[in-house]
Amino acid sequence: MVTVAASAIAFLDPQTDIPRIARALGETLFMVSVSFLLASVIGLVLGIFLYATRPGQILHSRVVHVVLNIVVNTLRPIPFVILLVALTPVTRALIGTSIGPAAAVLPLTIAASVGIARVAESNLVAVDPGVIEAAKAAGASPLHILFGFVVREALGPLILSLTFISVAIIDATAVAGAVGGGGLGNLALTYGYQRFDWTIMIVIVVVLIGLVQLVQFVGNRIARRFIGR
Amino acid sequence: MRVLDDVDVSVAAGEIYGLIGRSGAGKSTLLRTINGLETPTSGSVVLDGVDVHALPPKDLRTLRHGIGMVFQQFNLWNSRTVFGNVATPLKIAGWKDDAIAPRVAELLDFVGLGGKAFAHPRQLSGGQKQRVGIARAIAGRPSVLLADEATSALDPQTTTEIVDLLRSVNRELGITIVVVTHEMDVIASLADRVSILSDGKVVESGDIHQILASPRHPVTAGLVGAYTGTSLTDGEKSSLRAQFPGRRISVVVDAATSGGPVLSRLARLHGVDFAIIQGGVSRVKDKPYGQLSLELHGDDAAIERFVAELSQTATVTTW
């Protein structure tokens, strides 16, 4: 793969192709990192609420749990490309434009937030009840149990889940590219696919693969520190 | 569903109290009412004069600083080191950092894990995990330690080590221990007094030696018999009846009967012979305990006199 990329790069025009790819990579990184950061905050808060409002949990509330469930279950099955288009008026109202990387951040953030909410909830539910029991027996307060024990014990799997979601965001930015979001996906589609420039397409695919590998490697590394061998 | 009903148990300060019964008897539920992990629908749990279930949540949490608990599956916090596991209850109880470190070191030495402070729970064996569990439970110098099937996930050798450790927690640190288990050998070697639970009720309570020597309730007799390997099932009785047609008795052997040559002296005195047809004797907390089944030979009047006199020093049943 590396040799394919290396020989492909030889065919790239250093005056036009390379700056174009670099700019697209920058746009992709911008979309991925901003939407990932925002979605992590929103998604984790939602996920913790989904968990904590379950029956028997510290913020047990049927109403809140059902409402959150409906929100998450409504947004999750919508195919991303449809969400992207459907949100156009909202995006225009909030960000001032509906095209370009900045505009793509809103639908990316919304889709990723509900995804993170659900995986975070299941990571928290999977925490051994014995852990909670021991914390209760030691006299820990409900909030301390939630953050000091449940969330803390779930950190390793949570980081792996966030890694999974960040790879899904990289994937989704390509879709955002299809409707003018910019980034590597946009470039691969317009120059590579529609103008039959196979070289640029292969280079972009290799860059995307490298990006995903890097994200997964970093995620695994961080998670391992929390999984306590 | 009623898990517990009409339960009246009182544990004295400084003793080791056993709660034993089969799975589903309600013994763990009863234990968990002591630190408020379970709330009874009616009735009360009084600890040092405080009604545990009348306390507001905040006071209940404070009360829990003074009650340690160890679990069957250890329930260690895997995201924390051994040190972190033992230090956390102290932090919760508001100890200062500079007091925590020496206290944790002292506790790890006490449980025999001096070199393991920075190990992760996943790197430890079951026995080591339970040692951490015990160190964590007694960290804040509780007055009571609740042991919920603390040895049930361990092999026999490790069980003995953990039982010894629990005994030194009680004898050396003066911590009252309530032990829940389905293993009679744990109760027999550890507890001072015991309650037997069956279907959510306490069917029998008393001193461990008295319970072992003369179980009154069938559930107790079953547990004791299974433990000593000396109890007779109905099937065994009928096959022994066919094999030994004479007069058959079972004698409970305890300090009174094995302290001297009681059986042979009485047999000689009354001119009776006996064959040992079943049974065994073992030692429980340095006292003999067991049961022997005998077939008696001799004339009927002599056998009657022998049984009558033996009954004055031992528990004898004819079958």
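Reader: Hello! Which elements are among those that cover the buried residues of α1(B)?

Author: Welcome! What you see is a predicted model, and α1 of chain B makes a good starting place. Its buried residues get their cover from several elements of chain B. Included in that cover are β1 (16-20), β5 (144-148), β6 (176-181) and β7 (193-198).

Reader: Are the buried residues of that helix on the same side or on opposite sides?

Author: Helix α1 of chain B covers residues 27-34, and its buried residues are B:Lys27, B:Ser28, B:Leu30 and B:Leu31. Around the axis they take up an arc of only 160°, so for α1(B) the answer is the same side.

Reader: Which residue with a positive phi follows α1(B)?

Author: Look just past the end of the helix. There the chain has a phi near 75°, a positive value, and the residue that carries it is B:Gly36.

Reader: And which residues of α12(B) are buried?

Author: Helix α12 of chain B runs over residues 262-270. One side of it has the exposed residues B:Ser264, B:Arg265, B:Arg268 and B:Leu269. The other side has the buried ones: B:Leu263, B:Leu266, B:Ala267 and B:His270.

Reader: Within what arc do those buried residues of α12(B) fall?

Author: A general point helps here: an α-helix has 3.6 residues a turn, so residues three or four places apart point the same way. In α12(B), the buried residues line one face of the helix, because seen down the axis they fall within an arc of 100°.

Reader: What do the buried residues of α12(B) pack against?

Author: Two elements of chain B meet them, and both have higher residue numbers than the helix, which ends at 270 and is followed by B:Gly271 with a positive phi near 65°. The packing partners are β10 (273-284) and α13 (300-313).

Reader: In what order do the strands of the open sheet with β10 stand?

Author: This sheet of chain B has four strands, and their pairing is antiparallel. β10 and β12 (316-318) stand at the edges; each has a single partner strand, so one side of each is left without a neighbour in the sheet. On average, neighbouring strands are turned by 15° against each other, direction ignored. The order is β10-β11-β9-β12.

Reader: How many bridges join β10(B) to β11?

Author: Strand β11 of chain B covers residues 287-297 and runs antiparallel to β10(B). You can pick out one pair by eye: B:Gln278 has B:Ser293 in β11(B) as its bridge partner. The number of bridges between the two strands is 11.

Reader: What share of the residues of chain B count as buried?

Author: Chain B has 13 helices and 12 strands, and its C-alpha trace spans about 80 × 45 × 30 Å along its principal axes. Among its contacts with a separation of 6 or more, 68% are between residues 24 or more positions apart. Of its 319 residues, the share that count as buried is 40%.

Reader: Which element of chain B has the lowest mean pLDDT?

Author: For chain B the mean pLDDT is 91, with 99% of its residues at 70 or more. The highest mean among its elements, 98, belongs to strand β4 (residues 67-70). Where pLDDT is low, the predicted coordinates should not be read in detail. The lowest mean, 74, is that of helix α11 (residues 255-258).

Reader: Which element gives the most to the side of chain A that touches chain B?

Author: The contact takes 17 residues from chain A and 20 residues from chain B. On the side of chain A, the elements that give two or more residues are α7 (129-137) and α8 (142-178). By class, this side has eight nonpolar, four polar and five charged residues. With six residues, the element that gives the most is α7(A).

Reader: Is A:Phe196 buried or exposed?

Author: A:Phe196 is found in the loop between α9 (183-194) and α10 (198-226) of chain A. Its phi is near 55°, a positive value in a residue other than glycine. Most residues other than glycine have a negative phi. Since A:Phe196 has 8 other C-beta atoms within 10 Å, it is exposed.

Reader: How far apart in space are A:Ile18 and A:Ile200?

Author: A:Ile18 belongs to helix α2 (residues 17-52) of chain A. A:Ile18 and A:Ile200 are 182 residues apart in sequence, while in space their C-alpha to C-alpha distance is 9.2 Å.

Methods: Residues are numbered from 1 along each chain as its sequence is written. Chains are lettered from A and ligands numbered from 1 in the order in which they are written. This is a predicted model: local features need pLDDT of at least 70, side-chain atom pairs count only at pLDDT 80 or more; totals for chains, interfaces and linings use all residues. Two residues are in contact if their C-beta atoms, placed from the backbone, lie within 7 Å. Ala, Val, Leu, Ile, Met, Phe, Trp, Tyr, Cys and Pro count as nonpolar, Asp, Glu, Lys and Arg as charged, and the others, Gly among them, as polar. A residue is buried if 20 or more other C-beta atoms lie within 10 Å of its own, exposed if 12 or fewer, and partly exposed in between; C-beta atoms are placed from the backbone. The arc is that of the directions from the helix axis to the C-beta atoms. Two strands pair if DSSP finds at least two bridges between them. Axes are lines fitted to C-alpha atoms, for helices over the stretch in contact, and angles run from 0 to 180 degrees between N-to-C directions. pLDDT is the predictor's confidence in each residue, from 0 to 100.
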